[in-house]
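Q: Please take a close look at one part of this model, its second largest pocket, and then at a sheet found elsewhere in the listing of elements. A connected account for a newcomer would be welcome.

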Amino acid sequence: MIMEPTRTGLAADTLERAIVDNLIALQGRYPEVATPNDWYRALAYTVRDRMLARWTNTVKTYVARDVKVACYLSAEFLLGPQLANNLLSLGIEDNARKALKALGQDLDALLALEEEPGLGNGGLGRLAACYLDSLAALEVPAIGYGIHYEFGIFDQRIQDGWQVEVTDQWLDQGNPWELTRADVCYSVNFGGHSETFSDEQGNYRVRWVPARRVRGVACDIPTLGYRVNTCNTLRLWKSAAEESFDFQDFNRGDYYGAVHEKVLSETLSKVLYPNDEPEAGKRLRLAQQYFFVSCSLQDMLHLLDAMGEPIARFPQLFAVQLNDTHPSIAVAELMRLLVDERGIGWDQAWILTCQSLAYTNHTLLPEALETWGLPLFRDLLPRPLEIIYEINRRFLDEVRARFPGDEARVARLSLIDETGDKRVRMAHLATVGSHAVNGVAELHSSLLKRTVLRDFAELWPERFCNVTNGVTPRRFLRLSNPRLAQLLDETLGSGWTTDLAKLSGLETHAGDGGFHERWRHVKRLNKERLAGRVRELTGIKLDPSALFDIQVKRIHEYKRQHLNALHVIALAERLRRDPNLGHAPRCFIFGGKAAPGYHMAKLMIRLINGVAENVNDDPALAGRLKVVFFPDFNVKSAHDIYPAADLSEQISTAGKEASGTGNMKFMMNGALTIGTLDGANVEIREEVEDHNFFLFGLTADEVTRVKSEGYRPRDFIDANAELREVLDRIESGQFSRGDRDMFRPLLDNLRESDPFLVLADFAAYVACQERVSEAWQDTTRWTGMSILNTARSGKFSSDRAIGEYCREIWRVPPVRIALA
């Protein structure tokens with residue numbers, strides 16, 4: 001019998017040998033003294049070995065075949081735990097489990113040890129990770145580019161009901177999945193000034209004379225496709241000093257000065273999204289964005305040179321996607337690299353830039369469309385600012401030619417906001433410098449063209465398109481919900497994993513009583529798993545037979561977690577007044593993080609925890625109502641939460657949520673949605689049909705009308721006694737241990753301005769929740785609706801979204817990879 005190679009074989013006995021080999025050779029441990037973390041790392045290295053064999057073949061194939069590569073630039077990549085996902089992609093979970101058992105180890109125990117890479121804040125970073133997964137699964141040549149944050153999104157603790165941020169030390173034990181490429185590094189300029197000169201041919205040129213330089217070092221994480229040999233690259237940039245130690249300072253006795261440059265430079269990639277309220281935070285955030293964009297574009301140009309290709313072929317070999325406004329400085333930086341560093345004429349450089357770049361907009365909130373004050377921008381990035389000025393001058397000449405005499409339009413379109421403190425408009429820059437601009441849901445893309453980018457859509461209607469977001473069914477169904485995945489395999493076969501449209505085959509089982517029983521059994525087991533996790537973390541005991549009503553997402557006023565909390569308070573009072581009220585027992589589960597500097601969002605968390613304390617301690621509500629705030633919501637905990645949900649709360653103010661992806665993950669796992677006509681909710685409702693979706697609230701057009709007519713929240717308070725009572729109870733200190741001032745800022749905000757129309761939608765939301773309760777009590781009806789939600793979730797696969805990007809924006813075809 002021929003023995004498999006230890007480094008690449010997939011059989012259980014081969015994996016067993018490889019794990020011990022990596023334990024000894026890479027970690028200097030032997031089985032008798034190895035800790036659980038040692039075993040985890042040995043397994044991770046073993047899995048990585050198999051990935052690297054595919055990775056090197058992938059890179060060699062791309063170089064030999066002269067392929068076009070999709071380059072996805074994102075300030076966030078919220079990857080989630082890697083080990084289980086990579087075992088799944090390789091198809092070796094069962095063999096790994098057998099190998100570990102033979103070594104006296106348990107796979108599930110080792111999986112629980114894995115730290116989650118803290119490289120993202122929320123939906124934006126998770127979307128980027130889903131897209132990397134789909135790019136590899138669809139065998140599309142791709143590189144993800146981002147920042148190697150040493151400290152990622154903070155860990156959340158709840159103390160006395162308040163959010164407390166704790167440093168996320170995800171790299172404390174190292175990261176077995178990454179390879180640092182010390183030889184792949186680029187210099188990035190900051191500060192200083194520019195100067196003009198004539199080159200050897202007498203051409204007018206400009207050079208940037210920086211005040212300091214930082215070196216960007218590549219850290220590569222392989223991204224393996226599901227059951228294919230394609231293994232793409234996520235390349236993250238770690239900042240380092242050009243010279244880390246100054247001997248002259250050291251010899252003078254200035255020991256701090258000797259390493260000052262190293263400390264200063266490494267700060268760039270130290271932390272995800274620094275608090276940008278103080279000026280230092282703004283400066284660091286802008287520097288981070290420019291740093292990773294410059295490194296990424298320099299890397300692409302280096303790869304072009306390595307292939308021996310002329311600069312004119314850059315757009316034919318690289319499709320560069322800007323994931324929101326964070327990387328939009330790429331427009332100016334690519335121009336600088338082409339014009340200043342490569343000596344390309346402006347007109348040709350501009351054509352190459354526009355042909356290469358495309359921009360995804362993720363927000364309609366004006367405050368989220370990044371702008372930077374000119375003094376800060378000029379001080380940090382003087383040469384890129386000069387290039388932006390020139391882009392703007394030429395662009396506004398074009399606008400004036402198209403719309404003569406319309407200076408108001410010119411002012412609205414300008415890359416520089418001239419009102420008040422002058423600022424650079426980054427969304428404008430991205431739009432002007434890209435050949436395609438897309439929104440992320442049909443409603444969002446429509447509103448984008450009607451509101452924040454209306455003038456650009458009128459100027460270049462052909463540039464605008466829609467690509468509705470999607471999520472990967474590998475992680476968020478097959479991996480996180482193995483019981484449901486098994487049921488789907490037995491019912492439909494396993495093809496749905498890579499073609500989610502095949503879930504439509506479930507529709508024929510939506511009225512099958514026997515299938516209903518199996519479906520409910522899977523849901524019950526998932527709810528028991530989540531209930532166990534909740535009790536472990538919070539001490540709160542949940543009844544798995546109750547309706548699990550879940551809202552987990554970033555805490556923000558427009559996402560309206562406080563609307564949910566107001567309803568819980570109202571429902572609790574109804575139940576207290578009428579013990580015989582025929583309302584379905586319900587567990588309300590909240591989760592999500594508030595930005596450290598966002599006081600109102602942190603106050604919302606405190607309110608939820610205050611309501612939980614008040615409700616859960618009341619014997620009158622026992623067995624009827626429970627409230628939980630699930631701490632430190634992340635991808636790892638999402639694996640427990642999405643499969644257990646009965647009801648998905650998607651209740652943002654209509655017209656504010658670009659798309660949402662949590663709504664898709666809940667739907668895929670059989671949860672029903674209560675929501676407004678916002679973001680992708682519109683398309684979810686279209687897919688499942690209106691009788692399988694709980695709709696309430698003002699539409700986006702109605703929100704606009706109500707605000708334009710002069711919204712008066714007190715009118716809604718005066719007209720609704722229940723709402724008035726809820727607000728009064730909050731003010732009384734009932735949910736703040738008698739402190740009547742704690743929630744005053746929140747109450748004043750709702751009563752005086754209510755910018756996200758919480759009070760306007762309250763009555764409709766409460767009425768809709770009554771319909772939810774009624775439907776839940778009809779078990780057959782609810783189960784059928786749940787099955788249809790999963791059956792009709794095929795549109796919301798990230799595979800579909802990436803297919804649209806490849807066909808309509810990037811023009812990047814798949815490339816099949818063979819193992820050597």
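**The second largest pocket and an open sheet**

A: In this predicted model, 25 residues line the second largest pocket, and those nearest its centre are Val 59, Val 63, Ile 143, Arg 235 and Leu 303. The space within this pocket amounts to about 510 Å³. By character, the lining comprises 16 nonpolar, 4 polar and 5 charged residues. Several elements contribute to the lining: helix 2 (36–65), strand 2 (142–147), strand 5 (179–190), strand 9 (231–241) and helix 9 (279–306) each provide at least two residues. Of the contributions to this lining, that of helix 2 is the largest share, with 5 residues.

The account now turns to the sheet. Six strands form an open sheet in the order 19-18-17-20-21-22, and their pairing is parallel. The edges are occupied by strand 19 (625–630) and strand 22 (694–695); each has a single partner strand, so one side of each remains without a neighbour in the sheet. Within the sheet, strand 17 (residues 547–552) pairs with strand 18 (residues 586–591) in the parallel sense, over 6 bridges. As for individual residues, Ile 550 has Ile 589 of strand 18 as its bridge partner. A helix accompanies these strands: helix 22 (residues 561–577) lies across strand 17, strand 18, strand 19 and strand 20 (647–650). Relative to strand 18, helix 22 runs at about 155°.

Methods. Residues numbered from 1 in each chain as written. Predicted model: local features only at pLDDT ≥ 70, side-chain atom pairs only at ≥ 80, totals over all residues. Heavy atoms only, no water. 1 Å grid on protein atoms, 1.4 Å probe; cavity = no way out; pocket = protein on both sides within 12 Å on 5 of 7 lines; lining within 4 Å. Points joined across faces, edges and corners; volume = space filled by probe spheres on them. Helix = DSSP H or I, 4+ residues; strand = E, 2+ residues; numbered from the N terminus. Nonpolar A, V, L, I, M, F, W, Y, C, P; charged D, E, K, R; others polar. Pairing = 2+ DSSP bridges. Contact = heavy atoms within 4.5 Å. Axes fitted to C-alpha atoms, helices over the stretch in contact; angles between N-to-C directions.
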